[in-house]
Each structure stands twice: as structure tokens, then as C-alpha cells.
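Hi everyone, thanks for coming along. I'd like to take a few minutes to walk you through a structure, so please have a look at it before I start.

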Amino acid sequence: MSSGSEVNPIQDALVAQLAEDKAEWAEAIEAIHAEFGDAGVREILRYVQDHALGMNVPLNEATLNTPYINTISPEDQPPYPGNIELEERIEKVIRWNAAAMVLQGQDQGTGVGGHIATYASCATLLEVGFNHFFQGFDDNNDPDMVLPQPHAAPGVYARAWLEGRLSEAQLRNYRRELGEGGGLSSYPHPRSMPDFWEMPNASMGLSTPAAIYEARFAKYLENRGLKPKSQRKIWCFIGDGESDEPEVIGTINIAAREKLDNLILVVNCNLQRLDGPVRGNGKIIQELERVFRGADWNVIKVIWGGGWDGLLARDKHGVLRKRMDDCLDGDYQMYSVLPGDVQREHWVEGNPELEHMMSSLTDDELKAIKRGGQDPKKIYAAYDAALQNTGKPTVILVKTVKGDGMGTQGKNTAHQYKNMGEEERIQLARELGIPISDDAARRAEFYMPPQDSAELTYLREHRRDLSGPVPRRRQVCPPLVAPSLDSLQDFLAGSGTRELSTTMVMVRLLSNLLRNKDVGKYVVPIVPDEARTFGMDGLFKVAGIYAPEGQKYRPVDADTLLPYREAADGQILQEGICETGAMASFMAAGSAYAVHGLPMIPFYIFYSMFGFQRVGDMIWSCGDMMCRGFLLGGTAGRTTLNGEGLQHEDGHSHILASTVPNLKCYDPAFGFEVALIVREGMRRMYEAQEDLFYYLTLYNENYRQPAVDDVLHNNDLDLDALYQGVVRGGYIYRNLQTDSAAPCVHLLASGSLMQQALLAQQRLVDAGLNVTLWSITSFIELERDAHACARHNRLHPLDPPKVSYVEELFAQQQGVFVAVSDYMKSLAGGIAPWIPGRYDVLGTDGYGLSEARPQLRQHFEVDDTHITQAALVALYQERMLDAQTLESHLGGLDVDPNKPNPANPT
């Protein structure tokens, strides 16, 4: 046996024979292509591959990659329709003004920050789009939605200034939204700029699922006949480093599965993260190509600028292509900062054929050769191919240089490059051809070409030809009248002797709304593979599950009363086990009033534990995007969802929800409360068109649902007063007086723990006390209103003070107050400053447990026994009860004073 260094004649003969055979195979494939085209080549290769696999020959090498060159050959490039020289001058002006915005901010010494390098890397990508592709509003089509990389916002602002959409004062106040004359938000934020930005995307990774589900929702509306077919495209620009976010790759399959050819994802592959290379030891473009081709996307690679075309055309033996394949991203990043002669050495690497090939270029010419993302012709060809594509989403992988043309071009520090010295500013202005003085360059002054200049004329004409400016958000949506109270009588009448959970009431209400002739078609039920958990399977047959291809199979339950029915015009969005996708659908539906001019009403029901805790970032984006709709936290409560344990039992979603300023938060105890809150939400969001959305927690505990008439009768209320109490946060539910001389106890309860409070009320009444039970539908709304009144009184000390609703509610009450909810104590504790007496709070602080409901409530000290005990102790400590009476009453309660604190897991 020969050693590794010895000649192996058998191996040499095999290599020679295989080389000859490969040449014959290549010739045969060329002949097949000439005769049968692409389809013939695909068919024969697929057959050969299947045959090899049938012989158990493993194909270990990836088959999803194409060579590391442009997807579109020079011969297939369409003619460029624009004036490249003029467009380059426009781009340079925008580059300068974008940088000047950041530099002026630095000069102010405010530390507001800003980024230069990202826009420098993607300026040409955006300019080709703005000049030739991004459609604005017209009478025949919806506008394109353009989502730039968030750090590229200065370039978008700088272009909008040239278009006359923004003022110079606004540019000077970049990242100074409160500045005189108005300012500009750091990143795309519709709430900050409601006529400009359409979707927030400053949180890395979220713009991709948002764009995917926005594209899908547009198809949903078309398939349901709510809007005509459209040529509208969703253009989403992200960075290559951003693709590491799991929300990006984790949501791309649905785009291919549902054939979202209205979606174009552009990945700016400048090869750098914030700190260093994205894949220094690999190739991010090749990696992403494998991922997206494997998911059945249309993949277009734009790697090399036109300067490489001649070299590649002379590469008869593939040595240059092989070198391109062999180089790593870390190498390419280094090449971007090297002078031409050193680049040549790295490219040639001792290969005589490569050396001869590159001898046709001088060192300066080699250094000047651009990457694909800097060549407008290559970008145009890719965008044009993406528009022609049908039946698949498109991803365009574009190779660029981070900080292109800046002092830190290609360096690991490029992202943090936020300032320039005076001479560097002058040099940049001269390189970009900006006709301002050196002093003006030192001050980073903006440059506006003359209004009749060729640059501004060209820029404005091209946007006019594309139907106006983008991005642009506009709200043209007629109001929708909320259902009348008469239409909700079934929910106001209670359940009689039947026991129902608030979840089941909500499902019945949803069914009622779907049948409503005025609002039904706008209702969008959204569920992440938990419809049966929430009892929503009855809606399958009525509304159908949206599936763009319909239902091609006979479901296993076809003969049952509640079959699983999919339909192309289905109304339910069943998102599978994907909270991110479901939340993205909520964003798309909740913003449809602005994006599509349709008052869509999303109802997204989910495990309350897996809402804010799982996708809180996206919910925050919904607030930014001014979404409307209902988030429904099902199986709520740390002690109500029995048996599921620590990961499922929610005792804090309301705490998290309270951090979203325009999210109205409710924890209703009864079915009629659910109905009134939903009705009020529809009135405020769709009739009054307020920029709000709602969060309701729903429980799976069954109990008798009271009738509104009984509540009104027992408390001498009218319906309007009760309605206002429910939607403002609380009302008297039941007042039991035993003796006017007896101490008074006030129990405040929400959600399913109202049932424990009812039991405690009776026990306390049996003890001879006066007890008033208050249904608190929202501790959060009570607290918010109280803080708002306190602020007003602080700022207007000489005016008559405003009285908050919680103060008004308890103004005439005396005694002790005990609050209980199935949530952490801080929820009910928020209103403590406005309670006119001793206030104790019981809640479910701590981790959940797998246990039965009674044991869970005893463990967390929120059962009727602990509520009773807390009230008695409060009376004693406030000297409203003597020690002997306290001891007598406590003797009948099973409370272990030495049990471990459930809030302390150790």
C-alpha cells in the first residue's frame, strides 16, 4: 500500500477517466438543453440523482447552491432605462445629506447618535428602487410597501427632503422629535411619523415576518373578495447579520407555501454585523441561498459589479470562479480595505492563469471594481426579474460594502462610525462632488440643488411616473358602526342555570359577530393551533380556515358536525404552532384600515402565558403601528389553568400588558362584561377611529353567568351606569348589609377569582359584617386614569382638582379594602394611593405548579379562606374588631400561618 506522498497510478487513471467522462456528460447536457430547454435539463438531472440515491450512493455535498456569481448573466440583463450618470449625482447628494444629518447631531453635543455606514452600503439598492420600481398611490393599484433597513433611515429622509416632503428644520432635528419646527424619528416609527412610515422595523428580525404576513394578508383580502387583485409589492430590506434572528428564517416557509409572489426580500449582504464579520469563516450569501432555495423561494444573487463581466467571460477553465468560491467572507471583507496591488496578490495567489487574466487591469482599476450592490445595472436586472416572477416569493441576495465610500469602509468599526473630523468631512464632500465651501463642509451643511436643476427635475419626474412618493402612510377608511346593545341581548341575559367560562362566552360572541350583517365580513379570527382548546372548532364549518389552495383532501372528521374545513375564502387564520406568525397576522389585520382602507377587526386568541411573554416585542410594534383589534389571553390565571404547571400558568401578562400605553387592558369576571368591553372597543376603534387596541383575559373555569338585569336590580343602577362602570374599570356587583353598626369590608375582585370573592363575601356576612363586593374589570385602567388626574392637578394647582374614577367609585366608602386577582399583587396594588382606607392585596406572585384548582388557590393564598382571613385581620389591625372576635372567627378558617411563601421559590 502506497503512502500519501507516493504516486497512485490507479487513482491517477481514475481521475483522468472521470475528467473525460465529465466532459462527455457536459456535452450531453448542453445537447439536451439545446433541444428541450431548462425543463429537459431539470428532468434528466432529477432522474440521474434519483437513480444514484436508489443505488444508496449518498450525495453529501449540498445541491442547493449555485456558483458564487450573479444569477443573471450579462447577456440576460435588460437595458437600463435611466440616466446612470444623473442618478449617481442624485445618490451622491443624498449620501452627503444623510451623513450631514448624523454629523450635525454629533456637533450639537446632545449624544443622540445616528449611523452612517448602513445607508452607505445600500444607497444604490434604494435609489434604483426609488427611481424605477417603488410604486406610489394611483387610482388603479395599491402602493408598494417599502420597508428599508432601520439604520438606513437617514438616506430615506434625505431623499424625502429633495422631493419636498420634509423641511430642512426636520432634517436638522433628526433624532430630536421635540425640536423646534418638528423632528424625525431615529428609525421607521409610524406613531412618530403617521403620514410617512408604514411599519416599524427597528427591532432586528421582526420586519421579515411582518412583511411576509403583510403579503399574505393582502392575498387573504383578495381571496375573500374584500379587495380586487393588485400588482402591489412588499419590498423588505434587511441586513445579512439580521438573518440570524430566528424570526427571519423561522417564518419563510409560509411565504413559499402560499406562493406569495407579491413579496420581495432584499438582503443587504455587506458581510458585517455590528461587531465583526457575519460569517468570517464561511459565505453568508451561499448559506442564505441554500436556506431560501430549500424553502422554495426564487433566489437571485447579485454579487459582482459589471467590472467583473469581462474577466468572467475570459474564465474559460473556471479558475476565477473557483477562486471566488474558495475565498471566505472574511477574505472579501479584507479585500474591501486593501489597495489594488495587494488585492491582486490575494486574488492571484500564485496561479499563473489568474495572474495572466488579471494583468488586463491596472491596480487602480482592480481596486475600483465594484460589488453587485454598487452597480445599478445589476440591481435593476435583479429587481426586474423579481417583478416578472410568479408563484413564489423572491429573495435578492446582494453583496455590498459596509460604509462604502466612508473612512471606515469595510472595517469592523464601520457600524459605530458616527462622526468625522473636519478634514474628513471636506474630503467626503469633494469625493461626492458636493458644491459647497470647505467651511460649509466642516459644518456638514445640507446641500439642496437648485429647484430647476437636472437632478431635482429627474428625481421628481421619476417619482411622478411611479405615482408619487414612498414610503407614505395614509388613512382612508370609513368608520364602522359598532353593534347595538340590542344585538348583544343573549350575552346580557346571563346563562341561567348553565355554567359557562368567559372563554366560551367570547367564542359565542365571536360567532355572533361573524353573523352580523354590518361587521361580520371584517372580523378576522386568529388562532395559533389552539382552536379546540378554546372551543372554537364550531367556527370551522361556519367561517372556514383560510387556505389559498382550498381543501384538496377529505378531512378525517368530514362526517361529523364540526369538520375541519379549509377554504380559499376562509375567514379564520389558523397559524399553526407559530406565535410570531399569528402576531404578524394580527399586525397586518390590525393596520388594514391604513394599509388597505378596510376596517378589519382581528380577534387573536392565545394562551395568555405565551402572548406578551413570547412576542412582547411584536405587541409593542403593534402599538407603534397603531394597530386596532383584540388580543385575547385565553386559559388565563395562575390558579385557574389547573394542572398545566409552571410554564403555562399566567400570573403576570397584565403586568406586561400595562407597559403598552395605548393597549386597553381588562380582566373581566362575567360574560356580560366581556360583551360590553368588546362592544365599547369596537365603538372606540372603528366608529370613533381611536388608535387603541385591547387585551382581555379569558378563563376556562365554568360557573353561572349572571344577567345584567339582576345586577342592575340588586344595586339600583341603570344600564348606562353599569356600562360605564364596566368599561372604566369597576362597579358595585353585590352589596350585603347586615347591621349598620357593623364594620364594613370591601372586596375588590377580577377575573375568575370573583367566584372566590363571592364565597368570601358570604362567609364574612355570616360573621356579622357588612360586605360590598366590587367587580374590577381593569385595575390597570383605574390606575391610568388616576395617574392622569394626578398629573393634571399637579400641573394646574390653582384649578378645581380633577377626581379620578377610582376616587369617585370609593368616595363615600368606609372600612377596610381587600383586593384579589389571579395575577401578581402589583396589578391590584397599583390603585393603592387612591383607596380611602386600609388596603390589602392578594395575588399569585411566584411560579405556577401542576396541581388541582383548589390546591393552587390555597397555595397562592387567594382562595375564599385567605380572602376572609385577610379581611378579618385588616379589621382587627384597624381596631374595628377586637382580639377575641378575631380569634373566634379565625378558628373556623384553615390557614397555616407557617406555610412557605409562594412568592419565594427557595
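I'll go through the pockets, then the cavities, then some salt bridges, and I'll end with the nonpolar cores.

Before anything else, please keep in mind that this is a predicted model.

Let's begin with the pockets. How much space lies in the largest pocket? The volume there is about 1,700 Å³. Its lining is made of 38 residues, and those closest to the centre are R42, L45, T63, T66 and R293. If you want to find the walls on your screen, look for α1 (9-54), α9 (284-294), β4 (298-302) and α10 (309-313), each of which supplies at least two lining residues of the largest pocket. Helix α1 has the largest share of that lining, with eleven residues. As for chemistry, the lining of the largest pocket divides into 17 nonpolar, nine polar and twelve charged residues.

Now the second largest pocket, which holds about 1,000 Å³ of space. Here 45 residues form the lining, and R95, A368, K370, Q374 and D404 lie nearest the centre. Several helices supply at least two lining residues each, among them α2 (84-107), α3 (117-132) and α17 (422-431). Which helix gives the most to this second lining? That is α2, with nine residues. By class, the lining of the second largest pocket has 22 nonpolar, ten polar and 13 charged residues.

On to the cavities. A search of the whole structure turns up five of them at 30 Å³ or more. The largest cavity has a volume of about 60 Å³, and its lining includes D490, F491, R508, F672 and Q705. Helices α20 (489-492), α21 (502-515) and α27 each bring at least two residues to that lining. Four of the lining residues of the largest cavity are nonpolar, four are polar and two are charged.

The second largest cavity comes to about 50 Å³. Around it you'll find N70, T71, I72, Q77, I300, K301, V302, K378, A381 and A382. Strand β4 and helix α16 (376-388) each contribute at least two of these lining residues. You may remember β4 from a moment ago, as it also supplies at least two residues to the lining of the largest pocket. In this second cavity, the lining divides into five nonpolar, three polar and two charged residues.

Next, salt bridges. How many does a search of the whole structure find? There are 46, and I've picked three to show you.

In the first of my picks, the side chains of R159 and E127 meet with an N to O distance of 2.8 Å. This pair links distant parts of the chain, as R159 sits in helix α4 (residues 153-162) and E127 in helix α3, 32 residues apart. Are these two side chains in buried or exposed residues? R159 counts as buried because its relative accessibility is 1%, and E127 counts as buried too, at 3%.

My next pick is R172 with E168, where the N to O distance is 2.4 Å. These two are separated by about one helical turn, because they are four residues apart in helix α5 (residues 168-172). R172 is partly exposed, with a relative accessible area of 35%, and E168 is partly exposed as well, at 33%.

The last pick joins D315 and R321, whose closest N and O atoms are 3.3 Å apart. D315 counts as buried at 4% relative accessibility, whereas R321 counts as partly exposed at 29%. Elsewhere, D244, R273, R279 and E287 are joined into one network by salt bridges that share partners.

Finally, the nonpolar cores. The largest one has 204 residues, and W297 and L631 are the members that touch the most others in it. Helix α27 (residues 671-687) gives the largest share of this core, nine residues. That is a helix we have already met, since α27 also supplies at least two residues to the lining of the largest cavity.

What does W297 touch? Leaving out residues up to four places away in sequence, its contacts include I212, I252, L263, F292, K392 and P393. There is also a second, separate core of 70 residues, with A123, W197, A381 and I436 among its members. A381 is also one of the residues that line the second largest cavity.

That's my tour, and I'm happy to take questions.

Definitions and conventions
Residues are numbered from 1 along each chain as its sequence is written. This is a predicted model: local features need pLDDT of at least 70, side-chain atom pairs count only at pLDDT 80 or more; totals for chains, interfaces and linings use all residues. Side-chain values use heavy atoms; hydrogens and water are left out. On a 1 Å grid over the protein atoms alone, a cavity is a set of points where a 1.4 Å probe fits but cannot get out, and a pocket is an open set with protein on both sides within 12 Å along at least five of seven lines; lining residues have an atom within 4 Å of a point. Grid points are joined across faces, edges and corners, and a volume is the space filled by probe spheres set on the points. Ala, Val, Leu, Ile, Met, Phe, Trp, Tyr, Cys and Pro count as nonpolar, Asp, Glu, Lys and Arg as charged, and the others, Gly among them, as polar. A salt bridge is a side-chain nitrogen of Lys or Arg within 4 Å of a carboxyl oxygen of Asp or Glu. Buried means under 20% relative accessible area, exposed over 50%, partly exposed in between (1.4 Å probe, protein chains only). A nonpolar core is a set of buried Ala, Val, Leu, Ile, Met, Phe, Trp, Tyr and Cys residues joined through side-chain atoms within 4.5 Å. Contact means heavy atoms within 4.5 Å.
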